[in-house]
Amino acid sequence: MYDPTVARLTYRALLGRRRAAILFVLPALLIVISLAVRMVRGADDGIASQLLGGFGIATMVPLIGVIAGTGAIGPEIDDGSIVYLLSKPLKRPTIIFTKLIVAIAVTMAFSAVPTLIAGFILNGNGGRIAAAYTVAALVASIAYSALFLLLGTVSRHAVVIGLVYALVWEALFGSLVPGARTLSVQQWALALAQRIAGQDAVSSDVGLTTSVVLLVVVTVAATWYAGRRLRTLKLAGEE
């Protein structure tokens, strides 16, 4: 199910000079802000939770997921170079699974690791806040990567749609509209963080069991449908 050659090509595409520069911007900004806040306010659990939740989980993680998830396959489909990969003796679900693993790894590296570092800078993991939000970033990275990888297979405007989802649905509606929170990856991830740090430090409107089930269902369903979509792509000469 995992092909090293496909993985190497995908890593190369995602971590090229231009895309890697974009990936570094948000994590660097989070760490710089965390350093500034710690210098001005000292260690404060409330501020740490607000910054890691409001900027880290609500903004940084989904945006990095958009870049990694759509970038893992979308550009290849758009420019037609995917046909060279599909002409190889590889099962198409294997291609999708491999690209998903790469997208997850990149999203985790550029979101969960900075979240952990920022958490320790802000309050030294007081109240297990750094650990809680790091776990939230890890699980959100999986779901976002699957969703945005699927978007890359179904639309040429995957990045735009992904940005709308991340910035409008997740950050705006997911924060303001109670009913929308149930359908928010952000809220599902925060349910796990709440279990680790407690309700006083982290808030989620979705129960833990429901969140875990939805995270698994969305990830599996998105991966399966992306593989199905890739199988419908026809090469020249195929009937």
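Start with helix H3, residues 45-71, and look along it to Gly56, where the helix bends by about 40°. Keep in mind as you go that this is a predicted model. Now turn on a surface or colour by accessibility: H3 is mostly covered, with 22 of its 27 residues buried. Then slide back to where H3 begins and show side chains. A side-chain oxygen of Asp44 sits within 2.8 Å of the backbone nitrogen of Gly46 there.

Before going further, recolour by pLDDT. The chain averages 89, and 95% of the residues score at least 70. Which elements mark the lowest and highest mean pLDDT? Select residues 178-181 for the bottom end: that's helix H9, with a mean of 71. For the top end, pick helix H7, residues 129-154, with a mean of 96. Where pLDDT is low, the predicted coordinates should not be read in detail.

Next, select helix H1 (residues 4-14) together with helix H6 (residues 92-123). Two packed helices are described by the angle between their axes and the distance between the axes. For H1 and H6, the angle is about 45° and the axes are 9 Å apart. That falls outside the range under 35 degrees that counts as roughly parallel, so the H1 and H6 pair is oblique. Rotate the view until one helix lies in front of the other, and you can check the hand: H1 passes H6 in a right-handed crossing.

Follow the chain out of H6 and stop in the loop that leads to H7. Two residues are worth clicking here. Most residues other than glycine have a negative phi. Asn125, in the loop between H6 and H7, has a positive phi of about 65° although it is not a glycine. Is Asn125 buried, partly exposed or exposed? Its relative accessible area is 22%, so Asn125 is partly exposed, given that buried means under 20%. Now click Arg128, found in the loop between H6 and H7 too. Arg128 is not a glycine either, and its phi is also positive, near 55°.

Carry on into H7 and add helix H11, residues 208-231, to the selection. How do the axes of H7 and H11 cross? They come within 9 Å and cross at roughly 25°, so these two helices are roughly parallel to each other. The crossing of H7 and H11 is left-handed.

While H11 is selected, find Gly227 in that helix. Gly227 counts as buried, at 4% relative accessibility. Try a distance label from Gly227 to Ala105: the two are 122 residues apart in sequence, and their C-alpha atoms are 19 Å apart in space.

Last stop is helix H10, residues 185-197, where you should pick out Gln187. With 7% relative accessibility, Gln187 counts as buried. What does the side chain of Gln187 reach? Show Asp205 as well, and you'll find its backbone nitrogen at 3.2 Å from that side chain.

Stay in H10 and move along to Ile196. At 23% relative accessibility, Ile196 counts as partly exposed. Draw one more distance, this time between the C-alpha atoms of Ile196 and Ala136: they are separated by 9.8 Å, with the two positions 60 residues apart along the chain.

Technical notes. Residues numbered from 1 in each chain as written. Predicted model: local features only at pLDDT ≥ 70, side-chain atom pairs only at ≥ 80, totals over all residues. Heavy atoms only, no water. pLDDT = per-residue confidence, 0-100. Helix = DSSP H or I, 4+ residues; strand = E, 2+ residues; numbered from the N terminus. Bend = angle between axes of the 7 residues up to and from the residue. Buried < 20%, exposed > 50% of the residue type's maximum accessible area, 1.4 Å probe, protein only. Polar contact = N/O pair within 3.5 Å; in protein donor to acceptor, adjacent residues only side chain to side chain. Axes fitted to C-alpha atoms, helices over the stretch in contact; angles between N-to-C directions. Parallel < 35°, antiparallel > 145°, perpendicular 65-115°, else oblique. Left-handed = near helix turned anticlockwise from the far one by under 90°.
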